[in-house]
Amino acid sequence: RRRCRVLLLCRCNQLRCVCRERQMERGKNGRTGVVVELRQLEAEDYDRGFLQLLAQLTDVGDISREEFNQRFEELARDESHLVVVLEDMSTRRVVGAATLFIERKFIRRCALAGHIEDVVVNKSYRGQNLGVRLVEHLKKVAEVAGCYKIILACSEGNVPFYERCGFKRKEIEMAYYIPAHPTNNSSNSSNNNAASKPQQPPTPTPTPTRTFNIKTAARL
């Protein structure tokens, strides 16, 4: 039986089912490619190469199954975060991933803004528009959730890709990395000593006063 997701159309409070996405992708050479499925992140993706995929994007570190499950449960309860993946159905490996989180603002009459983060496609699967598929899906989710804009940060080399997805250059991104944070120290240290330091438990996220659930807006 094909699994379905529920899309909540926020403005008209109408529910409709949309079948879980599965489609045949084609490579640059025109030959039939792999069958990939777009869905939400699952706990079992720890064994399907999700963290190894993220390592193609940035530093991930050595994450145990217990640590992964704890963060997975935290995000599962967080109504403002959505992590989606692409799974190669022939190998059962995660070959693409992206994250959307929604920021609650006071401006524009308490508007919502979407942020797309951590977009990555396995190097062996690039050139098949899988990245476009991830971004376009999250754009639709943000629209359904009621966001008035979607923003992201990228390298100069990725600007043409996001322009093809409809994004435009807007102002300048700034970043400040906390010097004392263990992950920053471990990234810059050759002996990786900071990784052995005990970390403080995460601060619980307060319950939002404005209720919407991004998982309901795009349940895959």
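Select L86 and G96 to begin the tour: G96, in β6, is the bridge partner of L86. The model in your viewer is predicted, and every value given along the way is computed from it. Widen the selection to residues 81-88, which make up strand β5, and then to residues 93-104, which make up strand β6; the two strands run antiparallel and are joined by eight bridges. With β5 still highlighted, switch to a surface display and note that this strand is mostly covered, since seven of its eight residues are buried.

Next, follow the chain from one strand into the other. β5 and β6 form a hairpin with four residues between them, and in that turn you can pick out R92, whose phi is positive at about 60°.

**Along β6 to F101**

Stay on strand β6 and select F101, which is found in it. Is F101 buried, exposed or partly exposed? With a relative accessible area of 22%, F101 is partly exposed, because buried would require a value under 20% and exposed a value over 50%. Now add H81 to the selection and draw a distance between the two C-alpha atoms: F101 and H81 are 20 residues apart along the chain, yet their C-alpha atoms are separated by 4.3 Å. If you show the surroundings of F101 and leave aside its neighbours within four places in sequence, the residues in contact with F101 are S80, H81, A113, G114, H115 and E117.

**D45, before helix α1**

Move to D45, which lies in the loop between β4 (32-40) and α1. How accessible is D45? The relative accessibility of D45 is 0%, so this residue counts as buried. To see what surrounds D45, display its contacts beyond four places in sequence, which are R39, Q40, F50, V85 and V94.

**Helix α1**

Continue into helix α1, residues 50-54, and select L51, which lies in it. L51 is buried, with a relative accessible area of 12%. Setting aside neighbours within four places in sequence, you will find L51 in contact with Y46, V60, I63 and F68. A distance drawn from the C-alpha of L51 to that of G61 comes to 9.0 Å, for a pair that is ten residues apart in sequence.

L54 is also found in helix α1, and it too can be selected and coloured by accessibility: L54 is buried, with a relative accessible area of 15%. Which residues does L54 touch, not counting those up to four places away in sequence? The residues touched by L54 are V60 and V120. For a view across a longer stretch of chain, add V119 to the selection; L54 and V119 are 65 residues apart in sequence and 8.7 Å apart in space, C-alpha to C-alpha.

**Two loop residues with positive phi**

Now select N129, whose place is in the loop between β7 and α4 (130-145). Although N129 is not a glycine, its phi is positive, at about 65°. N129 counts as exposed, at 56% relative accessibility.

E171 makes a second stop of this kind, and its place is in the loop between α5 and α6 (182-188). Phi of E171 is near 60°, a positive value in a residue other than glycine, and E171 is exposed, with a relative accessible area of 70%.

**The second largest pocket**

Turn on a pocket display and go to the second largest pocket, which has a volume of about 810 Å³. Where should you centre the view? Of the 23 residues that line this pocket, the closest to its centre are I151, L152, A153, K168 and K170, so selecting these five will bring you there. To see which parts of the fold surround the space, colour β7 (112-121), β8 (147-151) and α5 (159-164), the elements that give two or more residues to the lining. Colouring the lining residues by chemical class shows eleven nonpolar, three polar and nine charged.

**Zooming out**

Finally, clear the selections and look at the whole chain, which has seven helices and eight strands. Of its 220 residues, 35% count as buried, and the chain exposes about 14,600 Å², of which carbon and sulfur atoms supply 49%. Among contacts between residues at least 6 apart in sequence, 59% join residues at least 24 apart.

Notes. Residues are numbered from 1 along each chain as its sequence is written. This is a predicted model: local features need pLDDT of at least 70, side-chain atom pairs count only at pLDDT 80 or more; totals for chains, interfaces and linings use all residues. Side-chain values use heavy atoms; hydrogens and water are left out. Buried means under 20% relative accessible area, exposed over 50%, partly exposed in between (1.4 Å probe, protein chains only). Contact means heavy atoms within 4.5 Å. Accessible areas come from the Shrake-Rupley method with a 1.4 Å probe; for residues, only the protein chains shown count as cover. On a 1 Å grid over the protein atoms alone, a cavity is a set of points where a 1.4 Å probe fits but cannot get out, and a pocket is an open set with protein on both sides within 12 Å along at least five of seven lines; lining residues have an atom within 4 Å of a point. Grid points are joined across faces, edges and corners, and a volume is the space filled by probe spheres set on the points. Ala, Val, Leu, Ile, Met, Phe, Trp, Tyr, Cys and Pro count as nonpolar, Asp, Glu, Lys and Arg as charged, and the others, Gly among them, as polar. Two strands pair if DSSP finds at least two bridges between them.
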